[in-house]
Amino acid sequence: LQDIDEELSETKRFVVDIYQKKFPELETLIPNRIEYIKTVQRIGNEMDMTLVNLSDILSNSLVMIVSVSASTTPGAPLSEDKLAECMRGCEEVLKLEKDRQLLLEFVESRMNKIAPNLCALIGSTVAAQLVGLAGGLIALSKIPSCNVQVMGQERKNLAGLSLASATPHTGILSTCSLVQSCPPDLRRKALKIVAGKVSLAARIDCYQNNFDCSPGEKLKQEVEERLEKEQGPAL
C-alpha cells in the first residue's frame with residue numbers, strides 16, 4: 001500500500017507537469033487526486049467547457065469554478081503526443097487506485113483477526129486504512145496520537161468560501177462513527193480523544209496472542225461516556 005501510494009503521487013505529478021501547460025490552475029482547484037485525474041481525462045484538449053460534462057465527477061460549485069477558470073486560463077492545447085502521454089498517465093493512476101482499493105478491501109476483510117481491538121473501537125474500514133497508511137500494525141502502534149489524528153489528511157477545497165468552514169488537522173480517523181456522531185463543534189475534541197484510544201488499541205493488538213476484542217470495546221465505551229459528558233449541560 002505504501003509503495004502504491006508513492007507510485008500514485010509520482011504518476012499524478014507526471015500528469016500535472018504535462019497538463020499544466022493546458023490548464024495550469026486545475027491542480028489547485030481540485031485537491032482530490034482521483035477527481036483531478038478524471039477531470040483531466042474528461043476535458044482533454046477541449047477549450048469550450050460547455051461541451052464538457054463534469055457533474056458526475058465534481059460537486060456543482062466546483063464544476064462552476066473549473067468552468068469559469070477554464071474560460072480565462074492562459075493555457076494552450078497540448079500537442080497530440082503530449083496529450084497521449086498525459087492520458088496514459090491518467091490511466092495508470094486510475095489502475096493503481098483500483099489496485100489500492102482492492103488491497104484495502106483485502107486488509108479490511110482480515111482486520112478482525114489482525115487488530116480486533118482497533119476494529120472494535122473505530123470499525124474495520126477505518127482501521128484498515130490507518131494500518132495501510134502506517135505501513136503495518138506495529139508501525140501504527142509507534143505513532144504518537146497527535147500524528148494519528150492527521151494521517152491521510154487531504155486539503156479541502158472550499159470553492160472560494162471562508163476558511164472558517166474548514167476542518168484543519170483532520171485525517172482518515174475523522175470519518176469514524178465515534179467522531180461523526182458528535183456535533184460539529186465537538187468533533188475536533190472527539191478526534192483527539194479517539195486518536196489517543198487508537199494508539200492504545202493498536203499497542204494491545206500488537207502484543208496480545210488471541211482475538212479478544214473486549215479491551216477495544218471497553219475503550220470505545222470510555223470514549224462514548226466521555227463524549228456524552230462533553231455534550232451534557234455545563235455545570
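## Terms and overall form

A residue counts as buried when its relative accessible area is under 20%, as exposed when that area is over 50%, and as partly exposed in between. The structure described here is a predicted model.

The protein contains 12 helices and 0 strands. Read from the N terminus, its elements therefore follow the order α-α-α-α-α-α-α-α-α-α-α-α, with helices and strands taken as DSSP runs. Along the principal axes, the C-alpha atoms occupy a box of roughly 60 × 45 × 25 Å.

## Burial, surface and contacts

The protein has 235 residues, of which 41% count as buried. The exposed surface amounts to about 13,200 Å², and carbon and sulfur atoms supply 53% of that area.

Among contacts in the protein with a separation of 6 or more, 63% come from residues that are 24 or more positions apart.

## The nonpolar cores

The largest nonpolar core comprises 36 residues, and the members that touch the most others are L118, I122, L140, L173, V194 and V198. Two or more residues of this core come from each of the following elements: α5 (80–114), α6 (116–122), α7 (124–134), α8 (137–141), α10 (177–180), α11 (187–207) and α12 (214–231). Helix α11 makes the greatest contribution to this core, with 8 residues.

The surroundings of V198 can be set out in detail. When its neighbours within four places in sequence are left aside, V198 is in contact with L118, L121, I122, L130, V148 and L173. Another core lies apart from the largest one; this core has 31 residues, including Y19, I37, V63 and L78.

## Salt bridges within helices

Side chains of opposite charge can pair when their charged atoms come close. The structure holds 10 salt bridges. One of them joins R13 to D17, with the closest N and O atoms 3.6 Å apart. Both R13 and D17 belong to helix α1 (residues 2–19), where they are 4 residues apart, about one turn of the helix. R13 has a relative accessible area of 38% and is partly exposed; D17, at 34% relative accessibility, also counts as partly exposed.

A salt bridge also links K95 and D99, whose closest N and O atoms are 3.7 Å apart. K95 and D99 are separated by about one helical turn because they lie 4 residues apart in helix α5. With a relative accessible area of 31%, D99 is partly exposed. In helix α12, R226 and E230 are likewise separated by about one helical turn, being 4 residues apart, and their side chains meet in a salt bridge at 3.5 Å, N to O. R226 is partly exposed because its relative accessible area is 41%, a value in between the 20% and 50% limits. E230 counts as partly exposed at 31% relative accessibility.

## A shared network and ring interactions

Salt bridges that share partners join D5, R33, E97 and R100 into one network.

Rings were also examined. The structure holds 0 aromatic pairs. A charge does sit over a ring, however: the charged end of K12 is placed over the ring of Y36, at 5.1 Å from the ring centre.

Technical notes. Residues numbered from 1 in each chain as written. Predicted model: local features only at pLDDT ≥ 70, side-chain atom pairs only at ≥ 80, totals over all residues. Heavy atoms only, no water. Phe/Tyr/Trp six-rings, centres within 6.5 Å; stacked < 30°, edge-to-face > 60°. Lys NZ or Arg CZ within 6 Å of the ring centre and 35° of its normal. Core = buried A, V, L, I, M, F, W, Y, C linked by side-chain atoms within 4.5 Å. Buried < 20%, exposed > 50% of the residue type's maximum accessible area, 1.4 Å probe, protein only. Contact = heavy atoms within 4.5 Å. Areas by Shrake-Rupley, 256 points an atom, 1.4 Å probe, with all protein chains shown as cover. Salt bridge = Lys/Arg side-chain N within 4 Å of Asp/Glu carboxyl O.
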